Structure formats: structure tokens, C-alpha cells
Amino acid sequence: MFEARLTAGSMLKKITDAMKDLVTEANFDCSSTGISLQAMDSSHVSLVALLLRADGFDHFRCDRNLQLGINLGSMAKVLKCCNNDDIVTLKADDNADAMTFMFENQTQDRISDFELKLMDIDSEHLGIPDTDYKAMISMPAGEFQRICRDLQILGDTVTIAVGKDGVKFSVSGEMGSGNMTIRQNTSVDTKEEEQVTIEMEEPVTLNFALRYLNFFTKATPLSGTVCLQLSKDVPLVVEYAMPDLGHVRYYLAPKIEDEA
Amino acid sequence: MFEARLTAGSMLKKITDAMKDLVTEANFDCSSTGISLQAMDSSHVSLVALLLRADGFDHFRCDRNLQLGINLGSMAKVLKCCNNDDIVTLKADDNADAMTFMFENQTQDRISDFELKLMDIDSEHLGIPDTDYKAMISMPAGEFQRICRDLQILGDTVTIAVGKDGVKFSVSGEMGSGNMTIRQNTSVDTKEEEQVTIEMEEPVTLNFALRYLNFFTKATPLSGTVCLQLSKDVPLVVEYAMPDLGHVRYYLAPKIEDEA
Amino acid sequence: MFEARLTAGSMLKKITDAMKDLVTEANFDCSSTGISLQAMDSSHVSLVALLLRADGFDHFRCDRNLQLGINLGSMAKVLKCCNNDDIVTLKADDNADAMTFMFENQTQDRISDFELKLMDIDSEHLGIPDTDYKAMISMPAGEFQRICRDLQILGDTVTIAVGKDGVKFSVSGEMGSGNMTIRQNTSVDTKEEEQVTIEMEEPVTLNFALRYLNFFTKATPLSGTVCLQLSKDVPLVVEYAMPDLGHVRYYLAPKIEDEA
């Protein structure tokens, strides 16, 4: 039997919305330590990895490991029925063919429960090798979203160049070309969520498909800050941390120069 | 000669918006006691009945009974030209072929008048029998709207079950199933417009097409509270009362079990 | 070399949005006194004229006259990448094949630069004769926008009649007909931006295509007040003034009675 209760029900909404456009269906792996999910997008170009730690829930019980195959679009629809201040409880019996979503408002005079049919989904759990990334950027999540959205106007491929002066995002296309540069900003006058930190062992310049970055930034409502990690010839990591609960991480392989 | 003046012009906008998607054209029956309208939707499944009492208007004069056939879509378009704080005056001569809408702003430096052509519409005035309903639910209009909209995600037919524990709205479909339950809530801590009252002589369980309920909830802006009345084998009544002015009522026959 | 710096970068956004739906591409004529642009819409019915004075910029330098041919749709897209409180700098070398847009945020830790390719555009500079207009109306820009948008519901052609009682905008069509009348309002109780002033040497009644007026009102965000000038058989002038910077003016020939 699996049961997990989250007072901040809206968090589950945002998590689902952060994945559903990239991945249509995925297995939620539930164990006593929490819930994890790993899935590639349909074109097998990028990967999303979700971790929700058991102790981040208000109540969490999972007697034996369960793999719950869920259509994320359907889950997002069901979660639309959850008010933002509702308490959400997820439930599934061992050998269940459905997952139950229970929504309660604070005064408990309104209760909803939804059963979502489970699916058999082929899972291909990829080992993600530990990498010693050469550059790490922490920046406001909203700003990263804006950059990816704005640059898409000019072209399909962004070049991210981390150097000592900052991080430069560049695009060029038929209409013209554009560069957006952000610089380290950790002065005490800057609010924590507006700070930009750049840690760099060596300069890194890589090309990425903006289309996927724009899927990743659907996770922006989850966190004030996004963390990018880059190394040559290794997938970019885009991480949205949820304090006390876990994270959503996206991986995207760089484009080879010739393709760019 | 017919002339009716309403300081809260925005009310007339909301009334028209509450009907125009269900009924394309209808007769406004004007008499010395007020304005009434009764019309079935184009598929003859549901009925809307409007009553605006003469004394709810700031000025009301109707020398002889008039039947004004109006295209509600056109009327809604004309009323879009009415600012929310404008004063509205409706006018029609006896034997008129047009209804005049006059909009004045509070300072009277802006005046608009629109003439809308009248139509000949076959009217079939249905006698609605007085029924002694077995269950009556009064609840926040916004919450009823939300339930009807949310459940539509899962299926076409809602089962409304009134019992001693509360009212349960249930739907099931291909994706899964869902239940939303609301309970009586009349504690002094609850604001009047958030109260839920359930009066029940005997339990009632009936099925309805969500499609029509979602047409009815277009009336939500008219009233903080909606009142549902149910009895076995008798149409559901969904009423939005406008204090001091009148009401909009919708009638919908239950679905026979086999169809559900 | 041309370089112009504007602290209120959002102004340039609004100027571009005010023209891009009417005119797809146009020449920006840059000289030491400022920037001007004149272009007809693609159907050669209306004309837009922009003037931005050199001293309205925070910094302005133009060594020799330049004609910069720009696709306004592309320019609007690039300016979407400009935050509302960014500082904008426009730059072009003599003989440049691109215009550079530089956006800096106030704290200068984020800098973007975009290069937009220049185009060769046939320009037909029309001399606009000085006219002694018989009627001039100054009114809230938002109200003029609303009137043009609302009346479009009923028909394609608006009749603007300036008389001693005020200005009457009339439309008639299949659904019915409508009139909106505004009156002079310069009482001390009225906020300046809500005032209506009507100066009239003789009554004027002219017909115009609402379609074009609705293109002109895209300039509404530029100014609180719009000024209309009319004379018989002469194009209407619709002017949005930008204090200390310049103006956007639109010209539209009246419809001949027979066409209306």
C-alpha cells in the first residue's frame, strides 16, 4: 500500500505541468524513501528526472516498491480539479490498476477523489554518470525562461558560452542575430532570488536546441532559481530544486557543431 | 410604448451572457409587471426562464403587452458597447420593428444609442408544473461552476446524489473516475456567500448531461449563490436569483439510466 | 555613424506596435535633428508619419543622413526581448547592412544586443499639404479606441459628425444601427486626461473605414490623449503626441458618400 499526503497540493500541479509537455507517459517509482521518475522525451533527445523525498511529504507510507505508470496529460487534467490551497493525498494499493488522488479543502467541507487508470509503460532506466562539470551557473529561473523564450524568436539553436565575463546566450537566424549576456551578481544589495553565481573551472561553449530548453522552463514555477551545469561533450543539466522536497532535473545533449 | 431604465447596466450584460450560448433567439415578453422570457435550447433538451420584475428597474413603463423577438448574440454584441457603470435604457414603440438600447455614463457627457432589429420568433410557452422537490441545495455559484467544469474532464454525464452526508457529484470515463462531495456548511464562521445548505425529504440520485450544466453556469456572475432543486423523474431546476430584480432559471430533464 | 539612446525603452516598443500592423516595412530616416518615418499601408489608403526629435533622446548622434529600411514585424519581435525598464540604444554604422539594438537593465548586469538586417525599401515621400482644419477634437485616447472597436460590431463605415452639440460617431449595418455621442467636457472637476475639447469653425460630417481607424488606435498606449482634425474632402488626421519626444500621426481619406 502506498499513501502520500502533501499539504501544498499546488506543488504537485506544478511538477506535473513541468513534465507533461515533454513526456506523455511515465512510471512513478515509489519506495519507502520517496518517489522518483525518469523518462526520455518521445524523440529520445532529452531526459527528465524527478525526485520527491519521503520526508518532504506530510505523511508518506510505501510498504513495498511500486511502479505506477501514469499518463501525465491525464494527471494534469485531474490536478486541475485541485484548488491551490487543497491538501492532496495520493494512494495506490499493491497490485492496483488505478491511482487515487484525494483533494480536501482546509475546512474539509469539500472532498474530491479521482481514480486515474494505471498503464504498463516500458521503462528504460538510464544510468546518469557522475560528471565533474566545468561550469555551473545559478540564476533566477524567470530570467532563464525569458532568455530561452526571447532568443527563440531569432533561431533554433542557442550557443551558451561561459567565460570570465559572464554567460553569453547567442542565436542567429534569417532575421538577424542576438546575444544576451548575464554577469555574476552577488552583491549584498541583490535579493537572493535575483542573484547570479557563475563557477567556472574552464571556459565552455556549447550549442543546444532551444525547443528543448523551452520545454524545461515549464518548471519555472517550481523554484526561484535554476542551476545549469555544463561540460564539453556532456549533456547540459538544468535543475530546479524544491527545498525540503526534491528536484526536477533535465538533461540535454549538446548539438554537434556541424548540425548547428 | 415600452421603456425600462436600469442603473446597473452591467446586470443586463450578464443576463444576456447567461443565455446567449444556450439560446440564439428568444421573445422578451414585456408587460406592466415586468419582462419575462422562456426559451428552449436548439436541441430542445433544456429550458431557460428569465424574470425581471418592473419594480426592480429604476423606471419602468409598458403601456400594452409587447413581444420583442431578439437575437441574443446580437444583443450581447450591442451590450459590449455598454460600460459597466453605464445606465441602460431599453425602449420600443408599440408595433416597433426595433428595440433601442441607450447607454449613458454617470456624468452624461457620453451617450450611445443602438437600434437592434426585431425578429418574428415562434414561441412555444411551456407550462412548468409546480413541483414539490425532494431535495434542495443552496451553494456558492462559483463552486457549482467549478465542479461542472472540472468533472467534464472525465466524462459527459454527472450523477448528482443527495444524501444525508452531503451532495456527491460523480463522473466516470475512459481516463478514470471522479467524485466531488460537498457538505452542509452553515456555521457562523462561514461567510453567507460560502454557505452550503442541503434540505432533503428523501435521498435523490439522478444523472445529467454536463454539457448543459456548463451552459447554465454562464449565469454565475449574476449571483453569489445557486439553488438546485431535484426530484425523481422530474427536471432539475438551477436557479440564479438576482435580489430585488428577478431570476434566471434553467430546467434540465434527467438522463434515463440506460443512456448514462 | 548613428547612435540613439532612450532610457524609456518601452516607448520604442509601443511606437513599433503602433505601426507594425498597418505597415510591414518602412524606412527610418535618421538625421542630426532626429528620426522620421513616413509610410503608406499596403493598400495605399492610409499614411502613418512618425517623428522622434533628437533632443527627446538621452543621447543622440547622427553624423550623416541615413535611411534604415526595417521590417517592422521583425523589429517588434526584437523589442519583445526588451524589458519595460531597460535602456535601449540603437546603432548603425554609415553603410551598415544591419541596425543594432542594445538593451541594458538598470543595474547593468544583463546586456542584450540584437542585429536586425536592413532592407532596401522603395520610399515614396508624400508631401502632406498644410491644411486649415475646420474641426479639431481632443479626447481620451482610450475612449476613441473603445468607440472604434465597439462600432465595428455593427458595420464597416463610421460617420463622424462634428456639430455644436458634440461629436457623433454613427454606424449602421444588418444587425441594426448605433450612435455614440461625446460632448465637450472641460470642467475643472474632470481630470486633464479625461477632458474632451471640441473646436469647430463649421460643422463637418465625413465617412471613414473603421478598419483603418482600428489600426490607428494601436497607438493608444503612447498617449493619454488623441487629437482628431477634420475638414471636408481632406484626409482625417489622428495624432498621438508623445510629450518631449515627438508624435505618431495617421492620415485617412474620407469615403465618398456613394461608397458608404
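A disulfide is a pair of cysteine sulfur atoms within 2.5 Å. With that cut-off in mind, the cysteines make a gentle way into this structure, which is a predicted model. In chain C, the sulfur of C:C81 has its closest cysteine sulfur in C:C82, at 8.8 Å, so the two are too far apart for a bond. C:C81 is also buried, with a relative accessible area of 2%. A matching distance appears in chain B, where 8.8 Å separates the sulfur of B:C82 from the closest cysteine sulfur, that of B:C81, again too far for a bond. B:C82 counts as buried as well, at 0% relative accessibility. Over all chains, the search of the whole structure finds zero disulfides.

The arrangement of the chains comes next. Chain B can be laid on chain C by a turn of 120° and a shift of 0.1 Å along the axis, with an RMSD of 0.0 Å. The two copies are thus related as by a three-fold rotation axis. Chain B can also be laid on chain A, here by a turn of 120° and a shift of 0.0 Å along the axis, with an RMSD of 0.0 Å.

For chain A, UniProt supplies two domain annotations. Residues 1–124 of chain A carry the feature "domain: Proliferating cell nuclear antigen PCNA N-terminal" in an unreviewed UniProt entry. In the model, this span is 16% helix and 47% strand, and its end C-alpha atoms lie 25 Å apart. Residues 127–255 of chain A are listed by UniProt, also in an unreviewed entry, as "domain: Proliferating cell nuclear antigen PCNA C-terminal". That span is 14% helix and 44% strand, with 21 Å between its end C-alpha atoms.

Chain B meets both of the other chains. On the side of chain A, 18 residues of chain B are in contact with 17 residues of chain A. The area buried between these two chains is about 1500 Å², and carbon and sulfur atoms give 47% of it. B:R146, B:M175 and B:R183 supply 34% of the area that chain B buries against chain A, more than any other three residues. One salt bridge is found across this interface. Its partners are A:R110 and B:E143, whose closest N and O atoms are 3.1 Å apart.

On the side of chain C, 17 residues of chain B are in contact with 18 residues of chain C. Chain B and chain C bury about 1500 Å² between them, with 47% of it on carbon and sulfur atoms. Within chain B, the residues that lose the most area to chain C are B:C81, B:D109 and B:I111, together 30% of what that side buries. This interface, too, holds one salt bridge. It joins the side chains of B:R110 and C:E143, at 3.2 Å from N to O.

Salt bridges also occur within the chains. Side chains of opposite charge can pair when their charged atoms come close. The whole structure contains 32 salt bridges over all chains. In chain A, the side chains of A:R61 and A:D63 meet in one at 2.9 Å, N to O. Both partners are partly exposed, A:R61 with a relative accessible area of 39% and A:D63 at 46%. Elsewhere in chain A, a network of salt bridges links A:K20, A:D21 and A:K218.

Chain B offers two further pairs. B:E201 and B:K134 form a salt bridge at 3.7 Å, N to O. This pair links distant parts of the chain, 67 residues apart, with B:E201 in the loop between β14 and β15 and B:K134 in the loop between β9 and β10 of chain B. B:E201 is exposed, at 54% relative accessibility, whereas B:K134 is partly exposed, at 24%. The second pair is B:R249 and B:E239, with 2.7 Å between the closest N and O atoms. Here the connection runs from strand β18, which holds B:R249, to strand β17, which holds B:E239, and the two residues are ten residues apart. B:R249 is partly exposed, with a relative accessible area of 26%, while B:E239 is buried, at 16%.

Two single residues complete the tour. B:P221 is in the loop between α4 and β16 of chain B, and this proline is exposed, with a relative accessible area of 52%. C:S46 is in strand β4 of chain C and counts as buried, at 1% relative accessibility. Beyond its neighbours within four places in sequence, C:S46 is in contact with several residues, among them C:L22, C:M40, C:Y212 and C:Y251.

Notes. Residues are numbered from 1 along each chain as its sequence is written. Chains are lettered from A and ligands numbered from 1 in the order in which they are written. This is a predicted model: local features need pLDDT of at least 70, side-chain atom pairs count only at pLDDT 80 or more; totals for chains, interfaces and linings use all residues. Side-chain values use heavy atoms; hydrogens and water are left out. Buried means under 20% relative accessible area, exposed over 50%, partly exposed in between (1.4 Å probe, protein chains only). UniProt positions are given in the numbering used here, feature names are shortened, and annotations may be inferred rather than shown by experiment. Helices (H or I, at least four residues) and strands (E, at least two) are DSSP runs, numbered from the N terminus. Copies are superposed by least squares on the C-alpha atoms of residues with pLDDT of at least 70 in both. Contact means heavy atoms within 4.5 Å. Buried area is the accessible area (1.4 Å probe) that two parts lose on being put together, summed over both. A salt bridge is a side-chain nitrogen of Lys or Arg within 4 Å of a carboxyl oxygen of Asp or Glu.
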